[in-house]
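Please open the structure in your viewer and keep the selection panel at hand. The tour below goes from one selection to the next and says what is to be found at each stop.

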Amino acid sequence: MRFRDHRVVGDILELAARYRDEGADELVFYDISASPEGRSVDRSWVTRVARTLDIPFCVAGGIRSVAQAEEVLASGAEKISVNSPALERPELIDALSQRFGAQCVVVGVDSQTFDHGYRVQQYTGDIERSRDTSRSTIDWVIEAQRRGAGEIVLNCMSNDGVRQGFDIAQLRAIREVCRVPLVASGGAGAAEHFAEVFQAAQVDAALAASVFHSGEISIPNLKRQLRRAGIEVRP
Amino acid sequence: MSERQIVIVASGGANIASLQFALQRLEVASAVSADAAEIRAASHVILPGVGAAADAMSRLRSSRLDNLIPTLQQPVLGICLGMQLLYEASQEGDARCLGIIPGRAARIAPSKDRPVPHMGWNTLDIRRPCALLAGLADGDYAYFVHSYALEVSAATVASTGYGAPFSSCVQWRNFYGAQFHPERSAAVGARLLKNFLAIN
């Protein structure tokens, strides 16, 4: 779920409980305004979410130091996800992984498609600061793993918000170089899209926000459809 | 209920808060302690663990808990790394562990369709009846996060397939272990914790 911190915590807790009850396997909380503004954020909500949830959750947004990560993990999150700060300072991934273990360290990658391949985008939470890093997504995913990332969330921006399905070609290309769990993000619009991305791109998980928030896709229905398609999912 | 005194060993793991919250959801209070007297007096001891085996062992050694824990007579539950520490050794950092259960944690071999760390929901296969598993069944899903695992042995009460099957729940005398995270395994995890707290 993406939010900026003006959104009241009550909304977050209510959504968290709803997804828990509907059978979501993991939740990711994005404080999308945190990185572009270069600030640290009030994270008292993490503890409240941790009390509510009995499934794993990950906190993303504005974590730029081991100390900040420690605070989030000690509050009860399973994982922290770094994106723009890891691009500013790739050693952050090494430091986090050495301190907490690779399993806690998710690297989020916002990737855009160009004529000659895929490139990493930075500060995508703020339309005015969002920029092309000129880094190849494939190279960055390889480097992130070498530095100790335990999971990659690949957000394919050309598909994000369009709801026409995940970017299968790109996810396949990244899967080829990704030896840690790979999570597909961006493009989910229908239950079939989930079945497609698991079968065609061999991702380990698929992430979506708006189609769940709006209720267009219900998690129990989605899981039933995936099971019918022969994909193993937790009931 | 009130005579139960649950102590979570302060082993420096990052999952202590989640574990306490899970116990609170069961309406059970717990204390976090590295104090030998307090741990010895507990009705139930939980040894959590996130991080590396060698680090966790050096923390236990520095508070002399490496000598205490193997002598405990009450039910003890090791979770994730905490379960691995109950064994003789771990390949992770070539660590010598508590030596309660015979065996050694080994790194999971990665393959193309099985990335390591093993992260996510996976099913339990129950190998033999155990109070820890009351009400749980084959095919129940639990949430795993680990890079090292214990092969199936005499201590195994449930296993999970990820490549070769590994021990997902173990029992050895009064020592119990879960390789997965009950505090993040929804109803299945809550049941396991409840089962553990019901063991006398």
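## Loops, a sheet, a helix and an interface

Begin with B:Asp94, which lies in the loop between strand S5 (87–90) and S6 of chain B. What you have on screen is a predicted model, and the values given along the way are computed from it. The backbone of B:Asp94 has a phi near 50°, a positive value in a residue other than glycine. With 10 other C-beta atoms within 10 Å, B:Asp94 is exposed, the cut-off for that class being 12 or fewer.

For a second positive phi, switch to chain A and select A:Tyr123, where the angle is about 55° although the residue is not a glycine. This tyrosine is found in the loop between strand S6 (117–122) and strand S7 (131–136) of chain A. Is A:Tyr123 buried or exposed? It is buried, with 20 other C-beta atoms within 10 Å, and 20 or more is what the buried class requires.

Return to chain B and select B:Val116 together with B:Pro117, since the peptide bond from the one to the other is cis, with omega near 5°. B:Pro117 is found in the loop between S7 and S8 of chain B. As background to these three stops, most residues other than glycine have a negative phi, and most peptide bonds are trans.

Next, colour the open sheet of four strands in chain B, whose order is S6-S5-S7-S11 and whose pairing is mixed. Strand S6 (95–96) and strand S11 (148–149) of chain B stand at the edges, and each has a single partner strand, so one side of each is left without a neighbour in the sheet. Zoom in on strand S7 (residues 101–107) of chain B and S11(B), which run antiparallel and are joined by two bridges. At B:Arg107, the bridge partner to look for in S11(B) is B:Tyr148.

Now show the whole of chain B, in which there are six helices and 14 strands. Its radius of gyration is 15 Å, close to the 16 Å that the globule rule gives for 200 residues, so chain B is as compact as a globular protein of that length. The C-alpha trace of chain B spans about 45 × 35 × 30 Å along its principal axes, and buried residues make up 52% of the 200 residues in the chain. Of the contacts in chain B between residues at least 6 apart in sequence, 68% join residues at least 24 apart.

From there, select H6(B), whose 13 residues should span 18 Å at 1.5 Å a residue, and whose end C-alpha atoms are 19 Å apart, which agrees. Its buried residues are B:Ala186, B:Val188, B:Gly189, B:Leu192, B:Leu193, B:Phe196 and B:Leu197. To see what these buried residues of H6(B) pack against, add strand S1 (6–9), H1, strand S3 (44–47), strand S4 (76–79), S10 and strand S14 (175–178) of chain B.

Finally, bring chain A back into view alongside chain B: 25 residues of chain B are in contact with 25 residues of chain A. On the chain B side, the elements that give two or more residues are helix H1 (16–25), strand S8 (118–123), strand S10 (141–146) and helix H6 (186–198). H1(B) provides the largest share of that side, six residues. Coloured by residue class, the side of chain B that touches chain A divides into 16 nonpolar, six polar and three charged residues.

Note on methods:
Residues are numbered from 1 along each chain as its sequence is written. Chains are lettered from A and ligands numbered from 1 in the order in which they are written. This is a predicted model: local features need pLDDT of at least 70, side-chain atom pairs count only at pLDDT 80 or more; totals for chains, interfaces and linings use all residues. Two residues are in contact if their C-beta atoms, placed from the backbone, lie within 7 Å. Ala, Val, Leu, Ile, Met, Phe, Trp, Tyr, Cys and Pro count as nonpolar, Asp, Glu, Lys and Arg as charged, and the others, Gly among them, as polar. Two strands pair if DSSP finds at least two bridges between them. The radius of gyration is taken over C-alpha atoms; the globule rule is 2.2 Å times the number of residues to the power 0.38. The expected span of a helix is 1.5 Å times one less than its number of residues.
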